[in-house]
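Here are my notes for someone opening this model for the first time. Keep the viewer at hand and go through them in order.

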Amino acid sequence: MSKNENSSKLNRRDFFKIGGITAAVGAGALTTLPQKTAAKELDKRLVDKIVTTHDDFPAEVRSDYVPPRNWDHVQARSFFVNEIRAIGETVEDDIVADGQAFVQKMNFAYDNDKIGYNQADKALMAGAWAMNNYAAGPSPAAVPNFGVNSWEQRTDKVQFALFDNDYVVKEKYQFENKQEAANQIKRAAKLFGADLVGITRRDKRWDYSKFLNPVPPLFRKPLLAPPSKEQMEELHNWGPDKFVTDWSDFPFEPKTVIVLAFNMDYEGISTSPSFVGSAAAGAGYSEMAKVPYQLAVYLKNLGFNAVSAGNDMGLSVPYAIAAGLGEASRLGQAVTYKYGPRVRLAKVYTDFDFVEYDKPKSFGVMDFCKNCMRCADACPTKAISYDKEPSFEPTHDNKDNAWYNQKGVKKYHVDAKKCFKLWGELGDDCGMCMASCPYNKPDFWHHRLVDSITAAMPGPVHDLMREMDELFGYGNVEDKESIKKFYSPKGKSYDGH
């Protein structure tokens with residue numbers, strides 16, 4: 001049942017509460033300020049009122065929870081079907097068909113008669129994904145130890161390279177205190193291009209327990225020197241018995257995980273589903289290939305081991321929650337305070353631990369998700385749950401064979417098979433759930449004020465906020481006008497004037 005069919009009413013006390021909140025933050029005075037200035041000022045006034053800091057991970061984790069392997073998700077099983085079957089695992093035929101359709105359409109298909117899917121849109125998507133495809137390869141499918149995400153921890157410069165700083169220097173830099181270390185690491189991450197950054201302890205619950213990487217080591221990085229006899233022998237003997245590794249093969253014991261978030265283009269995501277929407281996602285993935293690698297090299301030059309990771313190595317959403325970047329949500333993604341779910345997440349694993357760790361924070365997202373359900377309404381395949389409360393087990397139609405859901409964590413479980421089926425039909429990675437979410441907004445002060453009200457108020461206000469979101473035209477999906485708006489020069493400056 002759609003949430004719209006069962007909307008609650010506000011009582012008089014609720015309206016007085018809303019009035020109290022707006023008065024407390026001085027919302028009337030903010031209307032006289034420019035939008036960006038007002039948003040920053042409101043953030044200062046609101047953050048202590050609506051953000052709660054937690055000492056422990058905010059979601060319940062059952063004692064029988066088992067960390068997944070990196071091929072326990074539909075993309076890996078579809079894209080690497082032959083390799084998965086070669087190690088003795090089963091892959092459902094429908095997943096294989098959906099993956100083949102997705103790859104074929106995303107790589108080769110366009111339709112000049114279909115808005116959002118013409119050749120120019122396809123070119124935009126290809127350019128957006130290019131850096132990820134070149135530098136990180138299969139990382140979006142959770143395959144580690146490839147390209148810039150190599151596990152290699154060299155201790156000296158490459159002989160044939162003019163400039164090379166990708167090695168662990170001998171001298172370890174000494175920060176004055178843990179807070180200084182955190183400040184400088186975060187500033188480096190921001191300089192390199194991260195929009196949000198948090199630092200948390202490594203938690204084995206969120207790491208993949210085993211890793212599938214069927215790519216022969218010789219082909220995982222550009223060759224910086226002629227291949228050695230040992231490398232050629234390894235290539236000759238490569239086979240399924242070497243596809244799977246675990247943490248015993250990792251070059252050091254990680255102590256810290258630095259989590260990075262990258263804001264995706266608001267107008268681009270608003271076009272979802274389309275090649276333009278997928279381009280916005282691809283641009284985020286390309287940042288995920290570049291920035292964590294830069295941060296890993298930075299840490300190596302401080303004298304510490306470091307490995308960058310995108311979707312690989314571990315589960316990015318719980319790590320983002322642990323690092324204080326966002327909350328869990330109905331749509332299965334981390335919802336951040338500033339950008340909502342419109343972010344891509346990456347990580348850096350390091351043995352550096354003289355640092356002030358961040359704590360998880362909440363600002364009312366999960367409570368809002370219990371009443372909103374707009375992402376569930378927007379999903380054509382109904383992959384997103386309508387359950388009122390989160391649960392430890394999936395409750396969707398495929399729950400009896402939901403090997404892709406992490407059972408034992410209290411959350412909303414998305415039916416990834418239904419989601420992936422739509423990817424195959426569209427030839428892009430959809431994004432309608434993100435586009436429809438009421439937290440997916442431009443950074444205007446009045447949106448931040450609404451967020452504060454939803455955090456402070458009960459279910460009836462949440463219903464109203466969802467309805468107001470729709471009334472003002474936010475979160476529409478499959479909207480052809482959004483494609484025109486994305487490309488329109490109106491309100492945009494390309495030459496700086």
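**Notes on the predicted model**

1. Let's start at one side chain: Trp247 has 19% relative accessibility, so Trp247 counts as buried (buried means under 20% relative accessible area, exposed over 50%, and partly exposed in between, with a 1.4 Å probe and protein chains only). Before going on, note that this is a predicted model, where local features need pLDDT of at least 70 and side-chain atom pairs count only at pLDDT 80 or more, while totals for chains, interfaces and linings use all residues. Residues are numbered from 1 along each chain as its sequence is written, and side-chain values use heavy atoms, with hydrogens and water left out.

2. Now the overall picture. The protein chain has 19 helices and ten strands; these are DSSP runs numbered from the N terminus, with helices being H or I of at least four residues and strands E of at least two. Of its 497 residues, 53% count as buried. Among contacts (heavy atoms within 4.5 Å) with a separation of 6 or more, 77% are between residues 24 or more positions apart. The chain exposes about 23400 Å², and carbon and sulfur atoms supply 53% of that; accessible areas come from the Shrake-Rupley method with a 1.4 Å probe, and for residues only the protein chains shown count as cover.

3. Back to Trp247 and its partner. The structure holds 26 aromatic pairs. Rings of Phe, Tyr and Trp (its six-membered ring) pair if their centres lie within 6.5 Å; planes under 30 degrees apart count as stacked, over 60 as edge-to-face and the rest as tilted. The Trp247 and Tyr349 rings are tilted, because their planes are at 45°, with centres 5.9 Å apart. Trp247 is in the loop between β4 (244-246) and β5 (256-263) while Tyr349 is in strand β9 (residues 343-350), so this pair ties together parts that are 102 residues apart in sequence. Tyr349 counts as buried too, at 0% relative accessibility.

4. Which residues do ring pairs link into a cluster with Trp247? They are Trp151, Phe211, Phe250, Phe252, Tyr319 and Tyr349.

5. Val307 is worth a click next. This residue is in strand β6 (residues 306-309) and counts as buried, at 1% relative accessibility. Leaving aside neighbours within four places in sequence, the contacts of Val307 include Trp151, Phe250, Phe252 and Tyr349, and these four also belong to the ring cluster. The C-alpha atoms of Val307 and Gln153 are separated by 8.3 Å, with their positions 154 residues apart along the chain.

6. Ile87 sits in the loop between α5 (81-86) and α6 (93-108). At 25% relative accessibility, Ile87 counts as partly exposed. Beyond its neighbours within four places in sequence, Ile87 is in contact with Trp71, Leu212, Pro240, Phe243 and Val244. Of these, Phe243 is 156 residues away along the chain, with the two C-alpha atoms 7.8 Å apart.

7. Two arginines lie over rings. A charge sits over a ring if NZ of Lys or CZ of Arg is within 6 Å of the ring centre and within 35 degrees of the ring normal. The charged end of Arg77 is over Trp403, 4.2 Å from the ring centre, and Arg205 lies over the face of Phe57 at 5.9 Å.

8. Take a look at helix α15 (residues 416-426). Its buried residues include Phe420, Leu422 and Trp423, and what covers the buried residues of α15 includes α4 (74-79), α6 and α16 (432-436). After the helix comes Gly427, with a positive phi near 80°.

9. Finally, some backbone spots to check. A cis peptide bond joins Ser272 and Pro273, with omega about 0°; Pro273 is in the loop between α10 (266-270) and α11 (275-300). Asn145 is not a glycine, yet has a positive phi of about 55°. Asn145 lies in the loop between α7 (119-135) and α8 (178-192) and counts as buried at 17% relative accessibility. Lys382, in the loop between α14 and α15, also has a positive phi, near 55°; at 38% relative accessibility, Lys382 counts as partly exposed.
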